[in-house]
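Got your viewer open? Load the model below and keep the selection panel handy.

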Amino acid sequence: MAATAGRYASGVSDPFIAAASLEGVPSAFNAARDGIDAVLRDRGLRRTAPEDTARALLLGAWATASLEGSSYSVDELSAGEGDATARGAVRLSTELLGLLPTWQRSPVQALARLHAIAAAGSVPDEELGRPVNPAGVGRLTALARMLATPTQAPGLIVAALVHAEIADAGAFVSHNGVVARAAERLVWVAKGIDPASVTVPEAGHVGDAPAYFAALSGYGSEETGVHQWLLYAADAATRAAEASPLAR
C-alpha cells in the first residue's frame with residue numbers, strides 16, 4: 001500500500017508509535033505484556049527446555065491450521081497425520097525459528113520462504129514463495145522499510161501490525177494468513193517478548209476466531225480498523241500467554 005505508513009500516520013518518522021498511541025492501546029498492551037511476563041517469570045526462561053518450545057510451536061501449528069479450516073487435533077498433527085494445510089503448518093513450525101536471521105536481514109525474503117514452506121503441496125511449485133499481487137508486494141516492501149526504521153513502539157504492537165498488514169496485503173496466491181501469523185511469532189522472538197518462543201500467539205487468535213476474522217476484516221476496510229485491530233490483538237496476546245505449555 002502506498003501507504004502502509006500512511007495507514008498509521010502519514011509523514012511521521014515512526015508510524016508504529018503513532019498507532020501505538022491510539023486511545024486505549026497503551027494500557028491494553030501493557031496488561032497483555034504483564035500477562036506474558038508473568039507466565040515466563042513463573043517458570044523462569046532459564047529453566048525452559050527445548051521440549052517447551054517444540055510443544056508451543058506444535059500448538060501454534062494446530063491453531064493456525066484450524067484457522068484455515070483444518071479439523072485435525074494436536075495429537076493427530078504430532079503423529080504426522082493431517083491434511084495438506086495441517087502438514088504445511090507443522091512443517092513451518094519446525095523451520096520457523098531458523099528463519100529469524102533472514103527475517104531480521106530481509107523481511108520480504110523471509111516471507112517468501114515462509115510461504116514456500118507452508119504452501120508446499122497445496123499450490124503449484126512455480127507459485128511457492130512468489131508474490132502474485134503487485135499491490136500486495138508494494139505493501140510488503142513498504143512494511144519492510146518500516147521495520148528497518150527504529151521505532152519506540154512496543155514489540156507486541158509492532159508484531160500485531162506486521163500480522164495484519166501481511167494478511168491484508170494478500171501478496172501470495174494462498175496461505176497469507178498462515179504467513180502473517182508465523183511472522184507475528186518471529187517478531188515476538190526478535191523483539192524479546194518471548195525469546196524462547198514458549199507462548200502461542202496463534203492460539204490467541206483461534207481462541208476467539210470470530211473476533212479475529214472480524215478485526216482483520218475491519219483493518220482492511222474501515223478508517224478505524226487499525227485501532228480496532230490493536231485492541232483485539234491485545235486480548236489475543238493475553239490468550240497466547242495462557243496457551244503456553246508453561247502455563248499448564
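What follows is a short walk through a helix pair, some empty spaces and two loop residues.

Keep in mind as you click that this is a predicted model.

**Stop 1: a helix pair.** Select helix 10 (155-169) and helix 14 (residues 225-242). Their axes come within 10 Å and cross at roughly 115°, and the crossing is right-handed. To see the contact, show side chains for L156, I157, A160, L161, H163 and A164 on helix 10, then V226, W229, L230, A233 and A237 on helix 14. Colour that set by class and you get 10 nonpolar residues, one polar and no charged ones.

**Stop 2: the second largest cavity.** Stay with L156, A160, A233 and A237, which are among the residues lining this space. Add F29, E184, W188, P201, H205, A236 and A240 to complete the lining. The volume is about 60 Å³. Helix 14 gives the most here, four residues, while helix 10, helix 11 and helix 12 also give two or more each. Sorted by class, the lining has nine nonpolar residues, one polar and one charged.

**Stop 3: the largest cavity.** Now pick L57, G60, A61, T64, A89, L92, S93, L96, V178, A182 and E202. They surround about 90 Å³ of space. Which helix gives the most to this lining? Helix 4 does, with four residues; helix 6 (84-95) and helix 11 are also among the elements giving two or more. The mix is seven nonpolar, three polar and one charged. A search of the whole structure turns up two cavities of 30 Å³ or more.

**Stop 4: the largest pocket.** Select W103, Q104, P107, A144, L147, A148, V158, V187, A190 and K191. This pocket holds about 170 Å³. Helix 9 supplies the largest share of the lining, three residues, and helix 7 (100-105) and helix 11 each give two or more as well. Eight of the lining residues are nonpolar, one is polar and one is charged.

**Stop 5: two loop residues.** Finish at either end of helix 11 (176-190). H175 sits in the loop between helix 10 and helix 11, and its phi is near 60°, positive in a residue that isn't glycine. Most residues other than glycine have a negative phi. Then jump to S197, in the loop between helix 11 and helix 12 (201-206), where phi is again positive, at about 55°. Is H175 buried or exposed? It counts as buried because its relative accessibility is 13%, under the 20% cut-off. S197 is buried too, with a relative accessible area of 1%.

Methods: Residues are numbered from 1 along each chain as its sequence is written. This is a predicted model: local features need pLDDT of at least 70, side-chain atom pairs count only at pLDDT 80 or more; totals for chains, interfaces and linings use all residues. Side-chain values use heavy atoms; hydrogens and water are left out. Buried means under 20% relative accessible area, exposed over 50%, partly exposed in between (1.4 Å probe, protein chains only). Axes are lines fitted to C-alpha atoms, for helices over the stretch in contact, and angles run from 0 to 180 degrees between N-to-C directions. A crossing is left-handed if the near helix is turned anticlockwise from the far one by less than a right angle, and right-handed if clockwise. Contact means heavy atoms within 4.5 Å. Ala, Val, Leu, Ile, Met, Phe, Trp, Tyr, Cys and Pro count as nonpolar, Asp, Glu, Lys and Arg as charged, and the others, Gly among them, as polar. On a 1 Å grid over the protein atoms alone, a cavity is a set of points where a 1.4 Å probe fits but cannot get out, and a pocket is an open set with protein on both sides within 12 Å along at least five of seven lines; lining residues have an atom within 4 Å of a point. Grid points are joined across faces, edges and corners, and a volume is the space filled by probe spheres set on the points.
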